[in-house]
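Please look through the structure below with an eye to how its strands pair, where its nonpolar residues gather and where its backbone departs from the usual. The paragraphs that follow take these topics in turn.

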Amino acid sequence: MNNPYLPDIATIKEIIQETPNIKTFRVVLNDQSRMEEFSFKPGQVGQLSVFGVGESTFVINSPPTRTEHLQFSAMQVGEVTTRLHSLQEGDQIGVRAPLGNSFPIESMKGKDILIVGGGIGMAPLRTLMLTMLDKRDEFGDITVIYGARSPQDLCYTYEFDQWQSQGANLVLTVDREFPDWDGRVGFVPAVLTEEAPSPKNKVAITCGPPIMIKFVLKGLKDLGFEDEQIITTLEKRMKCGVGLCGRCNIGTHYVCVDGPVFTYAQLKALPSEL
Ligand SMILES: Cc1cc2nc3c(=O)[nH]c(=O)nc-3n(C[C@H](O)[C@H](O)[C@H](O)COP(=O)(O)OP(=O)(O)OC[C@H]3O[C@@H](n4cnc5c(N)ncnc54)[C@H](O)[C@@H]3O)c2cc1C
Ligand code: FES
């Protein structure tokens with residue numbers, strides 16, 4: 001049996017400064033055959049280790065349809081992420097992945113898709129959206145409402161044109177007016193309510209700060225979405241990532257193996273987390 005605590009060693013091939021405090025890391029496993037056979041599903045996460053410092057959890061935000069590298073975006077908040085941000089292209093990190101469950105993409109086929117993201121919460125949504133865009137004819141309309149505090153806090157801005165040319169209907173918003181900003185102005189839940197998407201034959205997937213998710217869930221319910229039509233992800237601190245240490249439990253569930261993806265119906269059955 002493979003040791004679940006043993007990371008693959010990987011090399012950082014490219015670093016992208018997304019926002020003042022978020023960097024994207026494109027990494028390749030050093031073992032070429034491991035890299036070639038690596039498979040995962042949208043929504044799954046990895047534990048990245050900075051040697052001598054520790055491990056932290058990040059969603060794999062490249063899609064499984066594009067396998068030249070694995071992509072992770074990390075917001076600098078504490079010890080591990082600060083050291084991760086200090087690394088350079090060519091440096092080595094540890095990767096334990098894929099971990100956790102994934103978005104139920106098979107059940108989304110043939111449906112219209114509504115993606116609602118805030119800030120770094122766009123990371124798991126990016127992998128889902130790009131997977132769908134790469135298989136565009138298997139899904140209906142794909143609408144993405146994405147917001148951040150300011151234009152410079154939006155991630156993946158350099159890809160927006162490509163997302164749209166591949167068939168995503170992109171609605172961007174920032175919290176207040178900024179010079180040269182010609183997108184929407186307002187919090188993500190308010191823009192959702194203004195857009196008023198119909199729940200008919202639709203799945204809504206949301207990820208972002210807990211306060212945003214709370215009001216997006218309310219907004220979706222007000223628009224008539226059923227609990228089963230709404231999917232979100234839970235961020236619960238992890239350690240082992242494989243259901244052994246008990247660090248991430250909510251009631252009888254371990255977020256690292258039963259999550260991080262949950263339907264709103266499943267979430268309601270858990271002890272209150274939002
Ligand atoms: C399933 C999952 C997926 C994630 N995906 C991403 C991702 O794609 N990109 C990304 O930037 N981050 C992601 N995170 C969060 C990321 O794991 C943490 O920000 C990271 O572990 C912080 O490590 P640190 O050592 O830098 O911070 P620490 O030094 O451990 O903490 C710094 C401060 O932030 C707080 N904090 C850190 N992480 C969390 C958390 N998860 N919940 C509440 N408070 C927290 C701490 O309480 C502390 O106050 C994800 C977390 C989970 C559980
Ligand atoms: S992180 Fe150890 S049980 Fe989930």
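Strands β9 and β10 run parallel and are joined by two bridges, and within this pairing valine 174 stands opposite valine 185 of β10. The model is a predicted one, and in it these two strands belong to an open sheet of seven strands, whose order is β10-β9-β8-β7-β11-β12-β15 and whose pairing is mixed. The edges of this sheet are formed by β10, residues 184–185, and by β15, residues 261–263, each of which pairs on one side only. Strands of a sheet pair through backbone hydrogen bonds, in either the parallel or the antiparallel sense.

Several strands of this sheet also contribute to a nonpolar core. Which residues touch the most other members of the largest nonpolar core? Among its 38 residues, these are Met108, Val144, Trp163 and Ile205. At least two residues of this core come from each of β7 (112–118), α3 (122–134), β8 (142–148), α4 (160–165), β9 (168–174) and β11 (202–207), and the element that gives the most is α3, with eight residues. Tryptophan 163 can serve as a point from which to explore the surroundings: when its neighbours within four places in sequence are left aside, tryptophan 163 is in contact with Met122, Arg126, Met129, Leu130, Leu133, Tyr156, Ala168 and Leu170. Apart from the largest core lies another one, of 25 residues, which include Cys248, Tyr264, Leu267 and Leu270. In soluble globular proteins, nonpolar side chains tend to be buried together.

A further set of pairings involves β1, β2, β3 and β6. Strand β1, residues 8–19, pairs with strand β2, residues 22–29, in the antiparallel sense over eight bridges, and the two form a hairpin with two residues between them. Within this pair, alanine 10 stands opposite leucine 29 of β2. Strand β1 is also joined to β6 by four bridges, and these two strands run antiparallel; here isoleucine 9 has glycine 94 of β6 as its bridge partner. Strand β3, residues 45–50, likewise pairs with β6 in the antiparallel sense, over four bridges, with leucine 48 standing opposite valine 95 of β6.

Is β6 mostly covered or mostly open? It is mostly covered, since six of its eight residues are buried, which means that each of the six has under 20% relative accessible area. Strand β6, residues 92–99, also gives the most to the lining of the second largest pocket, with five residues. This pocket has a volume of about 300 Å³, and of the 13 residues that line it, the closest to its centre are Asn2, Asn3, Pro4, Leu6 and Arg34. By kind, the residues of the lining of the second largest pocket divide into eight nonpolar, two polar and three charged.

Some features of the backbone deserve separate attention. Most residues other than glycine have a negative phi, and most peptide bonds are trans. Against that background, a cis peptide bond joins alanine 97 and proline 98, with omega about -5°, and proline 98 is found in strand β6. Another cis peptide bond joins glycine 259 and proline 260, with omega about 10°; proline 260 has its place in the loop between α7 (255–258) and β15.

The loop between α5 (188–195) and β11 holds alanine 196, and asparagine 201 also lies in the loop between α5 and β11. Alanine 196 has a positive phi of about 45° although it is not a glycine, and asparagine 201, likewise not a glycine, has a positive phi of about 50°. How exposed are these residues? Alanine 196 is partly exposed, because its relative accessible area is 42%, and asparagine 201 is partly exposed, because its relative accessible area is 43%.

A last residue to consider is isoleucine 211, which lies in helix α6, residues 210–222. Is isoleucine 211 buried or exposed? Isoleucine 211 counts as exposed because its relative accessibility is 53%, and the cut-off for that class is over 50%. The C-alpha atom of isoleucine 211 is separated by 9.9 Å from that of proline 189, a residue 22 places away along the chain.

Technical notes. Residues numbered from 1 in each chain as written. Chains lettered and ligands numbered in written order. Predicted model: local features only at pLDDT ≥ 70, side-chain atom pairs only at ≥ 80, totals over all residues. Heavy atoms only, no water. 1 Å grid on protein atoms, 1.4 Å probe; cavity = no way out; pocket = protein on both sides within 12 Å on 5 of 7 lines; lining within 4 Å. Points joined across faces, edges and corners; volume = space filled by probe spheres on them. Nonpolar A, V, L, I, M, F, W, Y, C, P; charged D, E, K, R; others polar. Core = buried A, V, L, I, M, F, W, Y, C linked by side-chain atoms within 4.5 Å. Buried < 20%, exposed > 50% of the residue type's maximum accessible area, 1.4 Å probe, protein only. Contact = heavy atoms within 4.5 Å. Pairing = 2+ DSSP bridges.
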